[in-house]
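Open the model in your viewer and keep the selection panel handy. We will go from one stop to the next, and at each one you will find what to select and what is there.

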Amino acid sequence: MNKIEKEISNAVTGAADKIAENAHIAEATAHFEKLLREQLARAEKMANAEPPKDFKTLDKITVGFCGGDGIGPIIMKEARRVLEALLAGELAKGRLIFKDIEGLTIENRMAKGKAIPDDVLAEIKTCDVILKGPTETPKGGTLESANVSMRRELDLYANVRPVTVPEEGIDWIFYRENTEGEYALGSKGIDVPGVLAMDFKVTTDCGTQRIARAAFEYARKNGKTNVAIVTKANIMKKTDGKFSKICHEVAADYPEITAEDWYIDIMTANLIKEGRRNQFQVFVLPNLYGDIITDEAAEIQGGVGTAGSANIGDHYAMFEAIHGSAPRMMEEGRGEYANPSSLIKASELLLRHIGMIEAADRLAAAMAACDKEKAVVITNHKDGATCKEFADYVISKL
C-alpha cells in the first residue's frame, strides 16, 4: 500500500469511527432522556402520594411469606413456625392471615426474564406486609435484583436496620434511603463496548425529605438526641449535596436533635473505633452507603446472620434477613444448619410495624434469652445446631 492509499484508508477508518461514536452518543442521549422523564414522573407521583396506611384501622392484616433462594425456604419455614407459635391466638381469631407466595425464585425469575414475575407481584400486592427470604441476583446481564424491584414497585423507601451490642453501649438504627441512589437505575446504564460504561445516581427532593423525616421522627419518639447524616457530599456534589442539604432542612423541625454531617469513609472507620462508636444513635444515608455500612454494623453485632431488616413504605412493607442465599452452604449440603436469627429478628420488626408490640416484645425477649444462655448454638456447620433445633429453642422461650 503506497502513501496515498494509506492516507485514504486512515481517513475512511477515522470517518467510520466518528460515525460509530456519534451513533453511540445519539443512542445514549435518547436512553438518558427516557430515564430522566421516568424519574421526573416518579418524583411527581411521590409529591402527590396518598396518606400512609394505618394498621390500627384494619380488621384483617395479611402477611405474605416469600421463601426466596438457597437457604431462604429453610430459614423461612422455621421463622414462620416461630410466628405461628407466638401468634396462635391472633391467627385463630382471623385478625391475621398468613399467605404463602410461590415463584420468587431465581429459576422462575430467569425463565420469565423479570426480577419479579407479574403473577408473583400481583400476589405480593394482595398482602399488607411481606416476610422475605434472601433472593439471588445474577452477576452481569440485565436481570435486576428482586429486592430493588420490590422496593420500587411497592415504594418501600425506608430500609430500617437496628444494631445493638448492649455490653458496649451500642444502640444504632440506620435509615437507608431505599429506592434511589445508584440502585434506582443500576441495570439501566450505558455501555460503549471496548471503551467505557456509565451508570446513573438519582436523588429527588421528595425521596430525601421522606427518609429524613422518618429518621428524625424515630429519633424524637425514642428519645434520641443525635442523627448522623452520612454522605460523600464533598465529591458527589449534586446528589449527595442535595441529600445533605434537605436533611438539614428537615432537621430544623426537630430543634432538640443534633444533626451532624459525616462522610461515609470516615464513618466506616468510626464504627470500628471503640470509645467513639457508642456515641452514635440514628443514621440517615443514601442507598449504596447504607447497604455497605449496615453490613459492617451487623458484623460488629455478631454477623449478618444476626440482623433483621425492614423495608417500609406508606402502603406496603417487606421484612427480610440481611444476608444472602448462601449458595455455598447449599452446595456443601449444609442448608439445614443455616441460622434463622436474621429472619426471626426481621419478624420482630414486622410485628412492631403492624402494631403488635406485646408480641414483638415477647419475641425479642425470647431471642435475647437464647443469645444469653447459648444452650443451642448455630455455627452454620454440622458441629452446631440445625435451623429447626434453634427455632424449637426460641419457641420454648416465648
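Start by selecting residues 287-301, helix α10; helices here are DSSP runs of H or I with at least four residues, strands are E runs of at least two, and both are numbered from the N terminus. At 1.5 Å a residue, its 15 residues should span 21 Å, and the end C-alpha atoms are 21 Å apart, which agrees; the expected span is 1.5 Å times one less than the number of residues.

Now look down the axis of α10: the buried residues fall within an arc of 155 degrees, so they line one face of the helix. That arc is taken from the directions from the helix axis to the C-beta atoms. Colour the buried set, which includes Asn287, Tyr289, Ile293 and Gln301. On the other side, Ile292 and Glu299 are exposed. Buried means under 20% relative accessible area, exposed over 50%, and partly exposed in between, with a 1.4 Å probe and protein chains only. Step just past the helix to glycine 302, whose phi is positive, at about 145 degrees.

A word on ground rules: this is a predicted model, where local features need pLDDT of at least 70 and side-chain atom pairs count only at pLDDT 80 or more, while totals for chains, interfaces and linings use all residues. Residues are numbered from 1 along each chain as its sequence is written, and side-chain values use heavy atoms, leaving out hydrogens and water.

Next, select strand β10, residues 282-285. It pairs with β5 in the parallel sense over four bridges; two strands pair if DSSP finds at least two bridges between them. Valine 282 in β10 is the bridge partner of isoleucine 173.

Follow that partner into β5, residues 170-177. Is this strand enclosed or open? Seven of its eight residues are buried, so β5 is largely enclosed by the rest of the structure.

Add β4, residues 158-165, which runs antiparallel to β5 and is joined to it by eight bridges. Asparagine 159 stands opposite arginine 176 of β5. The two strands form a hairpin with four residues between them, and in the turn glycine 169 has a positive phi of about 70 degrees.

Finally, zoom out to the whole protein, with its 14 helices and twelve strands. Its C-alpha trace spans about 90 × 55 × 45 Å along the principal axes, and buried residues make up 47% of the 398 residues.
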